[in-house]
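Student: I am new to this structure and should like to study a single part of it closely. Please begin with one residue and then place that residue in its wider setting.

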Amino acid sequence: MPATRPASPVIRELGRADYEPTFAAMRAFTDARQPGDADELWIVEHPPVYTLGLGADRAHVLSPHDIPVVQTDRGGEVTYHGPGQVVIYLLMDLRRQKPAGKLYARQFVQRIEQAVIDVLAAYNLDGERIAGAPGIYIASGARKGAKIAALGLKVRGNGCTYHGVSLNVAMDLSPFSWINPCGYSGLATVDMHTMGVEAPLADVQKALAQALVRHLAADPRPEQQSEQPIDSPVRA
């Protein structure tokens with residue numbers, strides 16, 4: 001009997017919400033979820049906060065000013081969240097993906113990245129991956145190599161994920177200069193506004209959520225099913 005395609009994730013709009021209660025809610029949701037529970041995407045905008053991945057070196061927080069620094073259990077180094085940034089958390093059960101019954105973590109990351117690239121393209125921005133430097137970067141022009149999106153995930157042993165992806169839309173970018181973003185000294189960070197795009201945050205939130213749903217519904221490619229093991233933080 002053919003595998004049943006998972007239902008589209010439930011999309012929840014949380015508005016502007018503090019990071020720590022949202023982090024706690026993600027963990028509680030994942031702790032309590034049952035095999036038949038729907039996957040969810042949580043769209044949120046955070047007040048200013050720095051978050052640290054499991055392997056983060058606190059020395060990369062150069063001068064936090066009055067911005068709180070929160071330890072998390074995602075992969076990756078330090079990053080910044082703030083007003084004017086799209087954040088979408090992906091609370092997914094990877095084992096439900098077809099046809100092999102499991103969507104491996106590296107595939108999951110690739111699909112999230114492609115969703116961001118597609119959204120940037122819709123606004124006439126050229127985004128790309130850079131080998132050895134996870135995230136999405138500007139691919140051409142004077143700001144080539146500047147980072148515009150980041151992601152960090154936790155994949156539990158039962159195949160359930162939380163944390164997610166952030167895309168810079170129209171932010172105060174100063175706080176990125178007070179850290180080594182994602183552990184890279186001197187890494188330039190931009191937003192869509194800096195790149196000449198004037199877009200309401202709500203529009204970009206909706207576009208990215210729709211792109212994620214579209215890419216996560218696609219069938220896995222067999223050649224990608226050998227990489228990241230389950231039960232790990234994923235650095236991106």
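Student: Which does Thr79 count as, buried or exposed?

Tutor: Thr79 counts as buried, because its relative accessibility is 11% and the limit for buried is under 20% relative accessible area (over 50% is exposed, the range in between is partly exposed; 1.4 Å probe, protein chains only). Before going further, please note that this is a predicted model, in which local features need pLDDT of at least 70, side-chain atom pairs count only at pLDDT 80 or more, and totals for chains, interfaces and linings use all residues. Residues are numbered from 1 along each chain as its sequence is written, and side-chain values use heavy atoms, with hydrogens and water left out.

Thr79 belongs to strand β5, which covers residues 78-81. Strands (E, at least two residues) and helices (H or I, at least four) are DSSP runs numbered from the N terminus. If neighbours within four places in sequence are set aside, Thr79 is in contact (heavy atoms within 4.5 Å) with Val49, Tyr50, Thr51, Arg74, Ala150 and Ile179.

The wider setting is a protein with 3 helices and 11 strands. Along the sequence these elements follow the pattern β-α-β-β-β-β-β-α-β-β-β-β-α-β. Of its 236 residues, 51% count as buried. Among contacts with a separation of 6 or more, 71% are between residues 24 or more positions apart.

Another strand residue to consider is Glu45, in strand β2 (residues 40-45). Glu45 counts as buried because its relative accessible area is 13%. Its side chain makes a polar contact (here, N or O atoms within 3.5 Å, one able to donate a hydrogen and the other to accept it) with the backbone nitrogen of Gly84, at 2.8 Å. Beyond residues up to four places away in sequence, Glu45 touches Gly15, Arg16, Ala17, Gly82, Pro83, Gly84, Gln85 and Leu201.

The interior can be described through nonpolar cores, that is, sets of buried Ala, Val, Leu, Ile, Met, Phe, Trp, Tyr and Cys residues joined through side-chain atoms within 4.5 Å. In soluble globular proteins, nonpolar side chains tend to be buried together. Here the largest nonpolar core contains 40 residues, and Leu167 and Leu208 have the most contacts inside it. At least two residues of this core come from each of β2, β6 (85-91), α2 (105-122), β8 (136-138), β9 (147-155), β10 (161-168) and α3 (201-216). Helix α2 gives the largest share, 9 residues. As for Leu167, the residues it touches beyond four places in sequence are Gln85, Val86, Val116, Val119, Leu120, Ile148, Ala149, Met192, Val204 and Leu208. There is also a second, separate core, with 13 residues, Tyr19, Trp42, Val44 and Val70 among them.

Charged residues come next. Side chains of opposite charge can pair when their charged atoms come close. With a salt bridge taken as a side-chain nitrogen of Lys or Arg within 4 Å of a carboxyl oxygen of Asp or Glu, the count is 9. In one of them, Arg33 pairs with Asp39, with the closest N and O atoms 2.8 Å apart; Arg33 and Asp39 are each buried.

A second example joins Arg129 and Glu113, at 2.6 Å from N to O. Arg129 lies in the loop between β7 (127-128) and β8, and Glu113 in helix α2, so this pair ties together parts that are 16 residues apart in sequence. Arg129 is partly exposed, with a relative accessible area of 37%, whereas Glu113, at 6%, counts as buried.

A third salt bridge connects Arg214 with Asp118, at 3.8 Å from N to O. This pair links distant parts of the chain, since Arg214 is in helix α3 and Asp118 in helix α2, 96 residues apart. Arg214 counts as partly exposed at 48% relative accessibility, and Asp118 is partly exposed at 26%.

Finally, there are the cysteines. An unreviewed UniProt entry carries the annotation "active site" for Cys182; such annotations, given in the numbering used here with shortened feature names, may be inferred rather than shown by experiment. Cys182 is located in the loop between β10 and α3 and is buried, with a relative accessible area of 10%. Cys160 is also buried, at 2%. The structure holds 0 disulfides (cysteine sulfur atoms paired within 2.5 Å).
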